[in-house]
Amino acid sequence: MSETAFPGWHGTTIVAVRKGGKVVVAGDGQVSLGQTVIKGSARKVRRISPGGHEVVCGFAGSTADAFTLLERLEAKLEAMPGQLARASVELAKDWRTDKYLRNLEAMLIVSDGRDLLVITGAGDVLEPENDVAAIGSGGNYALAAARGLAETDLDAEAVARRALEIAAEICVYTNGNMTVEVIGAGK
């Protein structure tokens, strides 16, 4: 990359943990442009309720692109109430084949408390192994931390929070300003 090229947007870590009948999706709040933090309190984890069915979504990548995808997912869920996996597959198909959508740069982690899925622009709808998923700049750090912590006595929320804290200690594009959403049994 040349030094005059646009430095690019960085900064998001989203981690999801399923444990004890709950799914927790946590995200940091940092958005960076090049080496500058331009916002430290972004909210990258959101709850949507199409047709009365709650779904928690975390996103990494371009915010406008992620919101476009969340709107499309919400529309798919309204057409297929309570069928997150099916709606996610339909979104991924559209994302990959639609001339407009295929240029969107984002990734999603979504859960209805039952299913936990990662959706990518490559047409992937992935169920994570070991009930842990992570995306974004610090995603690999958070994933490794959460996988190790999931085997302890910590509950899902404590695992997600600590994994995000660990990622923030390592990744310069991740901060400790968290948004945490819990869905599933007991919620």
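User: Why does β8 count as largely enclosed by the rest of the structure?
Analyst: Five of the six residues of β8 are buried, so the strand is largely enclosed by the rest of the structure. Buried here means under 20% relative accessible area, with exposed being over 50% and partly exposed in between, using a 1.4 Å probe and protein chains only. Strands (E, at least two residues) and helices (H or I, at least four) are DSSP runs, numbered from the N terminus.

User: Before going on, what sort of model is this?
Analyst: This is a predicted model, in which local features need pLDDT of at least 70 and side-chain atom pairs count only at pLDDT 80 or more, while totals for chains, interfaces and linings use all residues. Residues are numbered from 1 along each chain as its sequence is written, and side-chain values use heavy atoms, with hydrogens and water left out.

User: Ok, which strands does β8 pair with, and over how many bridges?
Analyst: β8 runs antiparallel to β7, to which six bridges join it, and also antiparallel to β9, with four bridges; strands are taken to pair if DSSP finds at least two bridges between them. On the β7 side, V56 has S111 of β8 as its bridge partner, and on the β9 side, I109 stands opposite V118.

User: What happens in the hairpin of β8 and β9?
Analyst: That hairpin has four residues between the strands, and G113 takes a positive phi near 95° there.

User: What is the strand order of the whole sheet?
Analyst: The sheet is open and has five strands in the order β6-β7-β8-β9-β10, with antiparallel pairing. Its edge strands, β6 and β10, each pair on one side only. For β10, the pairing with β9 is antiparallel over two bridges, and L126 in β10 is the bridge partner of V118.

User: And which elements of the sheet do the helices touch?
Analyst: Helix α1 packs on the sheet and touches β6, β7 and β8, with its direction making about 150° with that of β7. Helix α2 also packs on the sheet, touching β7, β8, β9 and β10, and its direction makes about 5° with that of β9. The axes behind those angles are lines fitted to C-alpha atoms, for helices over the stretch in contact, and the angles run from 0 to 180 degrees between N-to-C directions.

User: Which residues touch the most other members of the largest nonpolar core?
Analyst: L108 and V110 do, in a core of 22 residues, where a nonpolar core is a set of buried Ala, Val, Leu, Ile, Met, Phe, Trp, Tyr and Cys residues joined through side-chain atoms within 4.5 Å. The elements giving two or more residues to this core are β7 (55–61), α1 (63–79), α2 (84–97), β8 (106–111) and β9 (116–119). Another core, of 18 residues, lies apart from this one and includes A134, A145, A156 and L164.

User: What is V110 in contact with, leaving aside neighbours within four places in sequence?
Analyst: V110 is then in contact with V55, V56, C57, L73, L84, S88, D115, L116, L117 and I119, contact meaning heavy atoms within 4.5 Å.

User: Switching to charges, how many salt bridges does the structure hold?
Analyst: It holds ten, a salt bridge being a side-chain nitrogen of Lys or Arg within 4 Å of a carboxyl oxygen of Asp or Glu. Among them, the side chains of R47 and E181 meet at 2.8 Å, N to O, which links R47 in strand β6 (residues 45–48) with E181 in strand β12 (residues 179–184), 134 residues apart. R47 also forms a salt bridge with E54, the closest N and O atoms being 2.6 Å apart.

User: Are those three buried or exposed, or in between?
Analyst: E181 counts as buried because its relative accessibility is 16%, whereas R47 counts as partly exposed at 26%, and E54 is partly exposed as well, with a relative accessible area of 38%.

User: Which salt bridge links the helices α1 and α2?
Analyst: The side chains of D94 and K76 meet in a salt bridge (2.5 Å, N to O), with D94 in helix α2 and K76 in helix α1, 18 residues apart. D94 counts as partly exposed because its relative accessibility is 25%.

User: Last one: where is E127, and what is it in contact with?
Analyst: E127 is found in the loop between β10 (125–126) and β11 (132–136), and it counts as exposed because its relative accessibility is 56%. Leaving aside neighbours within four places in sequence, E127 is in contact with L116 and L117, and its C-alpha atom is separated by 4.9 Å from that of L117, ten residues apart along the chain.
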